[in-house]
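This report describes one protein chain for a reader who has not met it before. Please look over the sequence and the structure, then read on.

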Amino acid sequence: MSIKAFELVSAIERVKLMSDKAKTQIECLDVCGKNMYIGTSDCFVVHYSIEEKTQSNGRVTFITEKQGHKFLLVKKPVVQLRGASALNRIMVLCDNTLTLLNMFDLEPIVTGAKVKGVVCFCINENPLRTNPFSVEICVALKKKVIQLYTVTEDRLIHLRDVNVPDLPLSLGVDGIFVCAALTSQYCMIDMDGGHITELFPIDSEQIHPVIKRISKEEFLLSGPSALGIFATSAGVSQRPPMQWSDRLTAVCFVHPYILAMNDEFITVHSILDQQQKQAIPFQGGVFLGDFDGRIFVASGREIYSLVPIPFEKQIQALLADKRVTEALDLARNANKTGMSRDKFLKMFKTIQQQAAFIEFSRQQFDEASQLFKESSIDVREIICLYPHYLPAHSNFTRSVPPLHEIADINQLSKSDENLKAAYKDFLKTFLEEIKGTNFALGYKREVDVALLKLYAELMPEKLSELISVDTGCDLGDCVEWLEKYNRLHALGLLYQRHGESDKALGVWTRLVDSQTSDPSFPGLDFVVDFLANLTDHELLWKYVDWILEKDEELGVRIFTDRPTSEAQSERLRPEMVIDYLHRFPKAIITYLEYLIFQRKLEKEKYHTHLAVLYLEDVLKLMESNNVKKEELDIARSKLRHMLQMSNLYRVQLILGKAKEKDMHAECAILYGKLEEHDKALRILVHKLKDYGAAENYCQLNSQGKEPGYRKRLYHVLLSVYLDPSYERRDTLVAPAIALLNSSVADFDTLKVLHLLPDNWSIGLLSQFLTRAMRMGMHNYRMTRIQRMMARGENLLVKQNFIEMQREAIVMNDEKTCAVCNRAFNDSTFVRYPNGVITHVHCAKNKYVCPVSGKLFSVGKR
């Protein structure tokens with residue numbers, strides 16, 4: 001695809017040679033700075049000064065003036081000219097002789113240095129030696145030899161030569177490598193080793209051989225079928241071939257363009273994609289060359305310059321044609337044209353942004369996203385394409401000059417709702433990817449507001465996550481939008497995020513009261529959790545009544561699920577909360593349970609209050625006719641648990657009410673709290689006939705007490721079993737025997753024997769008596785062992801004491817503490833077994849020496 005990369009500008013409209021009537025023609029030229037040297041067909045070298053001027057309208061013109069000329073006397077065409085500005089010399093090839101002229105007066109050098117039999121020559125732009133006051137050249141001779149020379153101000157110094165199989169017609173050199181076009185083939189020559197690598201054959205009668213150095217150790221060659229073939233010093237091609245015109249006569253290279261000339265056109269090709277970009281009509285061309293980035297082309301009597309169109313204009317032309325890939329490839333190579341890094345980066349980012357909007361307009365969203373990120377675009381440039389998505393009070397204005405001509409996505413979608421949805425989905429995805437990155441730095445509010453509006457419209461389930469995290473969404477922009485799409489829960493969260501808790505609760509109460517619906521709203525639980533963590537206690541009380549009327553058990557969590565780190569508040573004192581909850585029976589029970597069982601508050605009024613409430617619940621259930629047995633059992637179980645575990649409630653108060661309703665199990669527990677164990681056990685045995693409960697009673701009430709207390713309880717139970725006044729005492733023989741034989745029960749054997757009826761046989765009591773005898777013998781033996789061990793220990797202590805008394809410890813004024821090195825002021829001191837003596841306060845551990853750290857035995861028990 002075409003692009004205008006160069007413009008043909010006249011440099012010298014008609015070269016003034018020896019005479020206007022002379023039939024002389026331009027053969028070659030060279031440009032060094034502001035000097036142009038022209039070689040003619042009749043052996044003249046003409047010197048011009050040339051200066052490039054840029055007019056206010058951007059057009060380039062040239063100011064030239066002839067400085068002089070020189071006739072070389074041989075009347076043969078000047079085939080090649082190359083200037084060496086560092087030496088103030090011109091190398092001239094005429095009549096197969098290479099000579100040196102002075103750059104300013106065009107006179108031959110005094111030494112007359114020359115090389116004869118030369119077919120062509122070229123300068124080594126990557127020389128082996130880096131002497132700034134010499135030039136390396138490569139020369140092809142008629143005698144089938146290629147030579148390297150070093151050129152100084154007055155000498156041509158021969159370095160080396162390599163014989164070739166055919167006559168060389170054209171040369172290119174880079175370092176030690178020479179690419180040569182022979183009469184029958186191209187070859188690559190290593191001048192160090194003399195090795196020749198054949199590349200490909202040519203027909204020099206059909207093809208004008210052309211060699212152009214492209215980069216380090218890479219050349220462009222004119223090949224068969226009008227192909228331009230790239231070849232490296234290794235003899236391989238790393239780029240695809242280039243198709244150009246037939247009858248090629250000259251080639252030059254200015255990155256990234258290759259210019260090729262034939263007898264009708266100059267064609268411009270890109271080295272990036274090997275495609276032709278421009279064709280410039282030019283007939284009668286005899287010379288084409290590039291000189292430090294400047295390109296000059298000559299016909300027989302006129303010289304023109306191919307002035308490059310600025311890269312920015314070329315790229316803008318490509319972007320205008322929607323040729324994004326070509327524009328970006330060209331832009332990436334703009335820094336190789338000498339542009340400063342800062343200017344290049346600024347230009348390249350702008351081009352990437354323009355290209356991104358082109359891809360955006362063509363729905364190439366992946367490519368657009370990548371370009372937007374790489375160019376670090378101001379994200380507001382994208383958001384502003386979506387009507388009302390920027391914050392209302394944003395003062396953003398689009399870039400000047402504009403990056404695109406898009407009004408908004410409505411212009412791009414053209415009323416296609418699916419396409420509009422695709423554009424919105426792109427923005428959502430793009431903003432999600434950049435959120436929290438450096439790309440969105442400084443634009444948090446714009447990004448979050450746009451995402452909120454997108455989520456409200458497309459993905460309401462993501463609103464909570466967006467708002468709950470540190471959000472830049474402000475109320476002014478988002479309230480109306482959330483109400484428009486009925487995203488009320490998100491609206492409440494936004495109010496909460498901005499500290500407007502009252503407004504947030506107002507929204508959530510509307511949702512709970514079913515004035516409107518929002519599928520994302522979690523329900524009343526959420527409001528309770530919010531109030532439970534609310535630090536504004538005045539506001540909390542405003543909504544407590546409403547919550548409790550909705551659900552008592554849920555509402556009481558406002559008071560029970562408070563943060564553990566919350567400071568005590570007068571408004572939330574337990575007494576105040578209890579007074580308030582009197583109207584809500586379930587809530588007050590739950591709150592008292594929280595105070596007693598979780599917070600472990602030990603206040604008599606809390607424990608008594610809860611016990612009374614439990615009792616009232618049980619009584620109500622007992623009076624009801626429709627109550628289920630399981631429900632009553634659960635209620636009584638809670639009451640019994642409270643009565644058993646707490647010692648702080650008013651026992652007589654509860655006992656009076658329990659006795660009125662014949663609540664025997666509860667009465668037993670209460671008698672136990674009053675230490676009236678006989679009454680308690682008689683209830684369990686005589687009225688409830690629950691012998692297991694009676695034994696369990698003894699076990700529970702003896703926990704943490706001395707062994708004698710435990711024995712007394714079990715003795716009381718046994719007395720109840722054996723009470724002769726009980727009418728049905730015969731039925732209690734079996735549980736009495738079971739109690740005596742129990743491994744859990746603990747008795748004083750003598751007291752039991754006095755209590756047992758005389759008519760009980762030994763066989764009936766054999767198990768109890770056997771166990772009692774064994775236990776007695778065991779206790780007797782253990783006592784003896786303990787006594788003997790105590791005696792042994794006493795002897796050891798005496799022995800140690802005697803041994804310690806054998807060695808005298810002399811304490812005087814010169815004796816110092818081994819730890820602090822201070823003298824002893826009183827008669828007390830500490831001596832360790834290894835002889836170390838310290839103050840009492842310096843001996844931190846009596847088992848460890850404070851000086852050596854040695855551990856002594858801590859005892860032999």
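Where along the chain is Lys 4 found? Lys 4 sits in the segment before β1 (6-12). The model is a predicted one. Lys 4 has a relative accessible area of 49%, and because exposed means over 50%, Lys 4 counts as partly exposed. Its C-alpha atom is separated by 6.0 Å from that of Gln 278, although Lys 4 and Gln 278 are 274 residues apart along the chain.

**Two annotated spans**

UniProt, in an unreviewed entry, lists residues 23-295 as "domain: CNH". In the model this span is 59% strand and 0% helix, and the C-alpha atoms at the ends of residues 23-295 lie 26 Å apart. The unreviewed entry in UniProt also places the feature "repeat: CHCR" at residues 562-726. Over residues 562-726 the chain is 70% helix and 0% strand. The end C-alpha atoms of residues 562-726 are 56 Å apart.

**Salt bridges**

How many salt bridges does a search of the whole structure find? The search finds 45 salt bridges. The table gives three pairs with their N to O distances.

| Basic residue | Acidic residue | N to O distance |
|---|---|---|
| Lys 76 | Asp 95 | 3.4 Å |
| Arg 247 | Asp 263 | 3.3 Å |
| Arg 573 | Glu 575 | 3.4 Å |

Lys 76 forms a salt bridge with Asp 95, and this pair links distant parts of the chain, 19 residues apart. Lys 76 is in the loop between β5 (60-71) and β6 (78-84), while Asp 95 is in the loop between β7 (89-94) and β8 (97-102). Lys 76 is partly exposed, at 38% relative accessibility. Asp 95 is also partly exposed, with a relative accessible area of 33%.

What does the salt bridge between Arg 247 and Asp 263 join? The closest N and O atoms of Arg 247 and Asp 263 are 3.3 Å apart. Arg 247 lies in the loop between β21 (242-243) and β22 (250-254) and Asp 263 in the loop between β23 (257-261) and β24 (265-270), so the pair ties together parts that are 16 residues apart in sequence. Arg 247 counts as exposed because its relative accessible area is 52%, and exposed means over 50%. Asp 263, at 38% relative accessibility, counts as partly exposed.

The side chains of Arg 573 and Glu 575 also meet in a salt bridge. Arg 573 is partly exposed, at 30% relative accessibility. Elsewhere, Asp 273, Lys 277, Asp 321, Arg 323 and Glu 326 are joined into one network by salt bridges that share partners.

**A cavity and a surface patch**

The count of cavities of 30 Å³ or more comes to one. The largest cavity holds about 30 Å³ of space. Which residues line the largest cavity? Its lining is made up of Pro 460, Leu 463, Ser 464, Arg 487, His 489, Ala 490 and Ser 520. Two elements, α9 (463-468) and α11 (488-497), give two or more residues to this lining.

On the surface, Met 782, Ile 785 and Met 789 form a nonpolar patch. Together these residues have about 300 Å² of accessible area. Met 789 is placed in helix α28 (residues 762-806). Is Met 789 buried or exposed? Met 789 counts as exposed because its relative accessibility is 58%, and exposed means over 50%.

Note on methods
Residues are numbered from 1 along each chain as its sequence is written. This is a predicted model: local features need pLDDT of at least 70, side-chain atom pairs count only at pLDDT 80 or more; totals for chains, interfaces and linings use all residues. Side-chain values use heavy atoms; hydrogens and water are left out. UniProt positions are given in the numbering used here, feature names are shortened, and annotations may be inferred rather than shown by experiment. Helices (H or I, at least four residues) and strands (E, at least two) are DSSP runs, numbered from the N terminus. Patches are made of residues with over 30% relative accessible area and no salt bridge: like charges are joined within 9 Å, nonpolar side chains (Val, Leu, Ile, Met, Phe, Trp, Tyr) within 5 Å. Accessible areas come from the Shrake-Rupley method with a 1.4 Å probe; for residues, only the protein chains shown count as cover. A salt bridge is a side-chain nitrogen of Lys or Arg within 4 Å of a carboxyl oxygen of Asp or Glu. Buried means under 20% relative accessible area, exposed over 50%, partly exposed in between (1.4 Å probe, protein chains only). On a 1 Å grid over the protein atoms alone, a cavity is a set of points where a 1.4 Å probe fits but cannot get out, and a pocket is an open set with protein on both sides within 12 Å along at least five of seven lines; lining residues have an atom within 4 Å of a point. Grid points are joined across faces, edges and corners, and a volume is the space filled by probe spheres set on the points.
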